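This report introduces a protein structure to a reader who has not met it before. It considers charged pairs, a surface patch and a pair of helices in turn.

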Amino acid sequence: MSLPWTNSESDSAATGSPLSDRVLLAGVLALTALLYLPTLNYKFVYDDQGQIVDNALVHAWRFVPEYFQSHVWHYLYPNALGNYYRPLNVLWFRINDALFGLTPMGWHASAVALHLLATALAFLIVRRVTDRPLVAAVAALLFGIHPTRHEVVAWVSGTTESLLAVLFLFGFLAYLASRERRTIGWMCVSCFFYAASLLAKETAIVLPALVLTHAFLYGVRRVQSAPLWPWQRFYQAAARASVYIPIAILYLVIRIHVLHGFSRTQSRASVSTLLLTMPSVLFFYLKQWLVPIRMTLFYNVEFRTRWDLLHVALPLGALAAAAAALWWFRRKLGTREMTFALAAMVLPLLPVLYLSVFPAGELVHDRYTYLPGLGAALLVGLALQPLYRGHLVFGLPQRLVLVMLPVVLALSYSTANASSYWVNEFNLFQHAERMAPENILARNNYAIQLAHHGDQGTGIAMLQKLVDERPDFFLANYNLGRLLYEVNLLGAAQHYLQVARSLVPDMPDTYAQLGLVSMRAGRLDEAVQNFRYGAALRPRDPTLHFALGVALAATGDCALARSEFSSVLFLDPAFTHAQEQMDKCGGASKGPGSTTGVAPSDQSSPPLSRVARPPIVPVKGP
């Protein structure tokens, strides 16, 4: 049934022989793949270190059951309460580790492949929803090459978003198939992918709402036998969407059980602060889609506690203007198609508007626009419909080619530029600090990179300034203590590490670093105590057991030292230094007072606390 509020334009208005769906899709995927080809040579960066490289749970199949019994960062922070129940995300890492080990190229290749699959699904969904191949091709092309994808494709840990999108879109595509044939079978398939997408990332909870919207707009059947009143359409749509509700309830029960609660706030923001901040957050996402330049990992978007022109009034005005423009052109776009596109854009964005779960410096990220980008891309595809008619050039409308060519070139350049900074951590954080000089995480991480590349003086000065401005910022105190230890200012190092410990008492890394300070100062018993406490807080970390073993061996207690080295080898059989230290320590019969020990040294110290390791709740998410 054709509704009066539907745009009935067709791509068939073009004259000549148009390209087939397969050729259009192949072209979109080829261009997208070519754009991200350089990422195959990138390294592991940022959360990759804690989530993958140092995560013993990812390196063995025997730990898979634990993925479903704990939060994502359980390995690093087993005693912390997390917000991220994403077992399939961790399982995806395990599969990649089994295939590629710790060779970054394989991981990056799988990230690109996952993005290509999501792009193909975007094409298929828009093709079914609009029944117009050029709208689908334009939408899929924008979905694939838009610069806001840089975090998801160029960063291995960013595949959380693309994995979610693939499972989510498969679920929605199966629902669309159920409108044509084998309703029960396809809805079972859709429910399966809905459950899987929830286990990949909690944002998938909105799929029933998107199905409800589509079923109301288009009907539960592709061909309706008779016109229906709006209330009848809504009743049928609600009935179709309700099949997902038991899965959502079961997921929430499991999530609350595993995480000991639904979620936890990290920012003590009042309701008025959240309301005043929302315009700048929404405007940020609108700007990132329409003017995708100066892309980076961090941005200067902070909580707003009072009304002001620049951060509240002007963003509100811009959002109102965008809403007015959509309303004005709704008939040209097709009211039904536009409404669905808006739902596909807004619904997946709603979870990231729960701003209280974000720490300072993390209110917005480009990766949060990944799945909502389907709706935004569809809106652009609908807006360009007048260009789909006329003379064909290489199977495409000439006017469309003339308009899209500079757009694609500009977007491709911006995407390549944004992605290029993910090549290594120094480039990533240097660029982030330049683009967002007020962001505390960008400043903290860049200071550490400067120190790691030999400019310790500048790094220490940056962290000292950050601590002066934000004395309650755990990472700044902790990393300042680390750098002061590296330049052998042990007293100052211990001071800032103790401040960090007081801010976050259950952080294992702080005790590990305090243990290193104690060892260098010759306080071996104190070092043993700190290392032991750190290992108790993170029992699956082989580096902490190794550090404890080294300290015990230095005191002459070889029996306990060998026990710690054995724990290291159980957790990570490839940890060759543990076996070497065990051999140096001698037989298991040696105990306290033995003269055979391992002298403490920086070379034997564990590789503790990478720059990207966040305090308690990870920076990646929500």
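A salt bridge is a side-chain nitrogen of Lys or Arg within 4 Å of a carboxyl oxygen of Asp or Glu. The structure discussed here is a predicted model.

**Salt bridges**

A search of the whole structure finds 15 salt bridges. Three of them are set out below.

| Pair | Closest N to O distance |
|---|---|
| D131 and R127 | 3.1 Å |
| K201 and E161 | 2.4 Å |
| R470 and D472 | 3.7 Å |

The pair of D131 and R127, with closest N and O atoms 3.1 Å apart, satisfies the cut-off of 4 Å. D131 and R127 do not stand alone, for a network of salt bridges links D21, R127 and D131. Within this network, D131 has a relative accessible area of 46%. Residues between 20% and 50% count as partly exposed, and D131 is therefore placed in that class.

The salt bridge between K201 and E161 has its closest N and O atoms 2.4 Å apart. This pair links distant parts of the chain, 40 residues apart. K201 lies in the loop between helix 9 (183-200) and helix 10 (207-218), whereas E161 belongs to helix 8 (residues 159-178). Are these two residues buried or exposed? K201 has a relative accessible area of 1%, and E161 has one of 6%. Both values are under 20%, so K201 and E161 count as buried.

In the salt bridge of R470 and D472, the side chains meet at 3.7 Å, taken from N to O. R470 is partly exposed, at 30% relative accessibility.

**A nonpolar surface patch**

On the surface, W61, I95 and L99 form a nonpolar patch. Together these residues have about 330 Å² of accessible area. I95 is part of helix 4, which spans residues 87-100. With a relative accessible area of 35%, I95 is partly exposed.

**Two helices in contact**

Two packed helices are described by the angle between their axes and the distance between the axes. Helix 20 covers residues 440-452 and helix 21 covers residues 456-469. How do the axes of helix 20 and helix 21 cross, and within what distance do they come? The axes come within 7 Å and cross at roughly 155°. Because angles over 145 degrees count as roughly antiparallel, helix 20 is roughly antiparallel to helix 21. The crossing in which helix 20 passes helix 21 is left-handed.

Key
Residues are numbered from 1 along each chain as its sequence is written. This is a predicted model: local features need pLDDT of at least 70, side-chain atom pairs count only at pLDDT 80 or more; totals for chains, interfaces and linings use all residues. Side-chain values use heavy atoms; hydrogens and water are left out. Patches are made of residues with over 30% relative accessible area and no salt bridge: like charges are joined within 9 Å, nonpolar side chains (Val, Leu, Ile, Met, Phe, Trp, Tyr) within 5 Å. Accessible areas come from the Shrake-Rupley method with a 1.4 Å probe; for residues, only the protein chains shown count as cover. Helices (H or I, at least four residues) and strands (E, at least two) are DSSP runs, numbered from the N terminus. Buried means under 20% relative accessible area, exposed over 50%, partly exposed in between (1.4 Å probe, protein chains only). Axes are lines fitted to C-alpha atoms, for helices over the stretch in contact, and angles run from 0 to 180 degrees between N-to-C directions. Angles under 35 degrees count as roughly parallel, over 145 as roughly antiparallel, 65 to 115 as roughly perpendicular and the rest as oblique. A crossing is left-handed if the near helix is turned anticlockwise from the far one by less than a right angle, and right-handed if clockwise.
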